[in-house]
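User: Please take a close look at one part of this model: how its strands pair. Then follow that part outward to whatever packs or binds around it.

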Amino acid sequence: MKVLVAVKRVIDYNVKIRVKADKTGVETANVKMSMNPFDEIAVEEAIRMKEAGKATEVIAFSAGPTQCQETIRTALAMGADRGVHVVTDGELQPLAVAKLLKAVADKEQPGLIIVGKQAIDDDSNQTGQMVAALLGWSQGTFANKIDVADGSVTVKREVDGGLENVKLKLPAVITTDLRLNEPRYASLPNIMKAKKKPIDQHKPEDLGVDVAPRLKTLKVEEPAGRKAGIKVKTVAELVEKLRNEAGVI
Ligand code: AMP
């Protein structure tokens, strides 16, 4: 079984995000970029499936500008076998990515597609669900544990009330949650080996996908700054403020 894993290049989670002066988006010039953390978890899970003999090949997919190759190389250095890069410079919304993933899945015929539950830049939490719908495949979102058996996969999902187990028929789409695993660091020899692994390049047109945005961003703004707190002298004063100012008791 082939496993297709999506890896998105996003602003590194340690970077303090700055909104552009014209409010059209956030600053990305000279900002450290990394693989979306949930996608590191997806790559790790796919590699573990290969190590356990449950997957035959792990393919890392990324869509975006030339620099996405670095993100794919990171996945290859962790242990993925080869990459697929859909090269496009414009804004990519989840529906466009889902269509590209579907087109690649139609060619590659993976048994599983694993994506992150959300990208930490747009926080959409849509791509996995959309690609499952476009392919007509089962989906197991927010995976906390995955067990692949013959022809099916059991996914323990993180839901509001706790954990839920679902059994899906393969092929299926899974989205990863934080506690699924701890991704490995790539070793230096594996980083060197990854340089020789193949990355296929496609343009959206080659795959017959129109990636034009369907949604328009009107304005991006910083959240309102937090007001300074105050110190209360007594419990009675605290209770009074909670009751009459905050209105929470
Ligand atoms: P989102 O729906 O945008 O929150 O993204 C959910 C997941 O879809 C991410 O964690 C990635 O696995 C995948 N994804 C989204 N955009 C891209 C992209 N441009 N390239 C590769 N994978 C992506």
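Analyst: Two strands count as paired when DSSP finds at least two bridges between them. The model is a predicted one. With that in hand, start at one pair of strands and work outward.

Take β7, residues 138-149, and β8, residues 152-159. Their pairing is antiparallel and spans six bridges. One concrete rung helps to fix the register: Lys 145 has Lys 156 of β8 as its bridge partner.

Now step across β8 to β9. These two strands also run antiparallel, here joined by eight bridges. Ser 152 finds its bridge partner in β9, at Lys 169. Two residues separate β8 from β9, and the two strands form a hairpin. In general terms, strands of a sheet pair through backbone hydrogen bonds, in either the parallel or the antiparallel sense.

Widen the view to the whole sheet. It is open, has nine strands and shows mixed pairing. Its order reads β9-β8-β7-β10-β6-β1-β4-β5-β11. At the edges sit β9 (162-169) and β11 (199-202), each paired on one side only. On average, neighbouring strands are turned by 30 degrees against each other, direction ignored.

Two helices pack on this sheet. Helix α3 touches β1 (2-6), β4, β5 (82-87), β6 and β11. The direction of α3 makes about 145 degrees with that of β4. Helix α4, residues 127-135, touches β6, β7 and β10 (172-176). Against β7, the direction of α4 makes about 75 degrees.

Two loops deserve a stop. Most residues other than glycine have a negative phi, and most peptide bonds are trans. Gln 109 has a positive phi, about 55 degrees, and is not a glycine. Gln 109 sits in the loop between α3 and β6. The peptide bond from Leu 170 to Pro 171 is cis, its omega near 0 degrees. Pro 171 belongs to the loop between β9 and β10.

The sheet and its helices also lead to the ligand. β4 (57-64), α3 (94-108) and β6 (112-116) each give at least two residues to the shell around the ligand. β4 has the largest share, with three residues. The shell holds 20 residues, and Asp 39, Ala 119, Asn 125, Gln 126 and Thr 127 come nearest to the ligand. By class, nine residues of the shell are nonpolar, eight are polar and three are charged.

What do the polar contacts look like? Backbone atoms take part. An N or O atom of the Gly 116 backbone lies 3.0 Å from a ligand oxygen. At Ala 119, a polar backbone atom is 2.8 Å from an oxygen atom of the ligand. A side chain takes part too: a polar side-chain atom of Asp 122 lies 2.9 Å from a ligand oxygen. Taken alone, the ligand exposes 480 Å², and the protein buries 98% of that.

To retrace the path: the β8 and β9 hairpin ends at an edge strand, β9. Further along the order come β6 and β4, and both supply residues to the shell around the ligand.

Conventions. Residues numbered from 1 in each chain as written. Predicted model: local features only at pLDDT ≥ 70, side-chain atom pairs only at ≥ 80, totals over all residues. Heavy atoms only, no water. Near = heavy atom within 4 Å. Polar contact = N/O pair within 3.5 Å; in protein donor to acceptor, adjacent residues only side chain to side chain. Areas by Shrake-Rupley, 256 points an atom, 1.4 Å probe, with all protein chains shown as cover. Helix = DSSP H or I, 4+ residues; strand = E, 2+ residues; numbered from the N terminus. Nonpolar A, V, L, I, M, F, W, Y, C, P; charged D, E, K, R; others polar. Axes fitted to C-alpha atoms, helices over the stretch in contact; angles between N-to-C directions. Contact = heavy atoms within 4.5 Å.
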